[in-house]
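Visitor: Could you take me through the nonpolar packing in this one? I'd like a close look at a single part, with its surroundings filled in afterwards.

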Amino acid sequence: MRDTCPNLRLVILLYGEAFLAQTFQTVSCNALHPVEARCCRWILGMHDRADGDTLPLTHEFLAEMLGVQRSTVSVVTRTLQTAGLIRQSRGSITILDRAGLEETTCECYGKIRQVYQRLLPGTYPPAPSW
C-alpha cells in the first residue's frame, strides 16, 4: 500500500527520519547531560503528546527510560516538585510550571522538537518562545 500511495510513503519516510534524529539526539543526551535535565526532557516530551497536564508516569518507567535507578528518579522528581515545577502522585506527574521545566531541560528537547516541526509540521503544538 505504501508504494501505491505516494503521500503515505512520504509521511513514513519523514517519520523515519525524524525518529532516527530523535534517537541519535537521545543517545547523545544520555551520555552528556545530567539526569535532572534528561528527566525534564522526558516529561516535556510526554506533555507535548498528552491532552492535559497530568501524565501517567511512574518512577519505574522514568528510571527505565533514563537508564538510572528508581531512587534517582525519586530524588529528581522531589527536587522538581520542591521547585514548584511538577506535582507527583502515585503513578502520575502533573505539570505545574511548563516554562520552568523548559528552563531546566537541556537543549536536546528543543532540537528534537525542531526536527519534528520541520519534517512533520503539525505533529507538535506550537514551539514555545525560548
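Guide: Let's start at Leu101, keeping in mind that this is a predicted model. Leaving aside residues up to four places away in sequence, Leu101 touches Cys40, Ile43, Leu44, Leu80, Leu85, Ile86 and Ile95. Now zoom out a bit: the largest nonpolar core has 19 residues, and Leu101 is listed with Ile43 and Leu80 as having the most contacts inside it. As for who supplies that core, H2, H3, helix H4 (70–82) and strand E3 (92–95) each put in at least two residues. H2 gives the most, with five. There's also a second, separate core of seven residues, which includes Ala18, Val115, Leu119 and Leu120.

Back to H2, then, and how it sits against H3. The axes of H2 (residues 35–49) and H3 (residues 59–66) come within 10 Å and cross at roughly 115 degrees, so the two helices are roughly perpendicular to each other. The crossing of H2 past H3 is right-handed. On the H2 side you'll find Val35, Arg38, Cys39 and Trp42, meeting Phe61, Leu62, Met65 and Leu66 of H3. Sorted by class, that contact has seven nonpolar, no polar and one charged residues.

Now swing over to H1 (residues 6–32) and H6 (residues 107–119). Their axes come within 9 Å and cross at roughly 175 degrees, so H1 and H6 run roughly antiparallel. Among the residues that meet here are Leu14, Ala18 and Cys29 from H1, and Ile112, Val115 and Leu119 from H6. By class, the H1 contact with H6 has 11 nonpolar, three polar and two charged residues.

Definitions and conventions
Residues are numbered from 1 along each chain as its sequence is written. This is a predicted model: local features need pLDDT of at least 70, side-chain atom pairs count only at pLDDT 80 or more; totals for chains, interfaces and linings use all residues. Side-chain values use heavy atoms; hydrogens and water are left out. Axes are lines fitted to C-alpha atoms, for helices over the stretch in contact, and angles run from 0 to 180 degrees between N-to-C directions. Helices (H or I, at least four residues) and strands (E, at least two) are DSSP runs, numbered from the N terminus. Angles under 35 degrees count as roughly parallel, over 145 as roughly antiparallel, 65 to 115 as roughly perpendicular and the rest as oblique. A crossing is left-handed if the near helix is turned anticlockwise from the far one by less than a right angle, and right-handed if clockwise. Contact means heavy atoms within 4.5 Å. Ala, Val, Leu, Ile, Met, Phe, Trp, Tyr, Cys and Pro count as nonpolar, Asp, Glu, Lys and Arg as charged, and the others, Gly among them, as polar. A nonpolar core is a set of buried Ala, Val, Leu, Ile, Met, Phe, Trp, Tyr and Cys residues joined through side-chain atoms within 4.5 Å. Buried means under 20% relative accessible area, exposed over 50%, partly exposed in between (1.4 Å probe, protein chains only).
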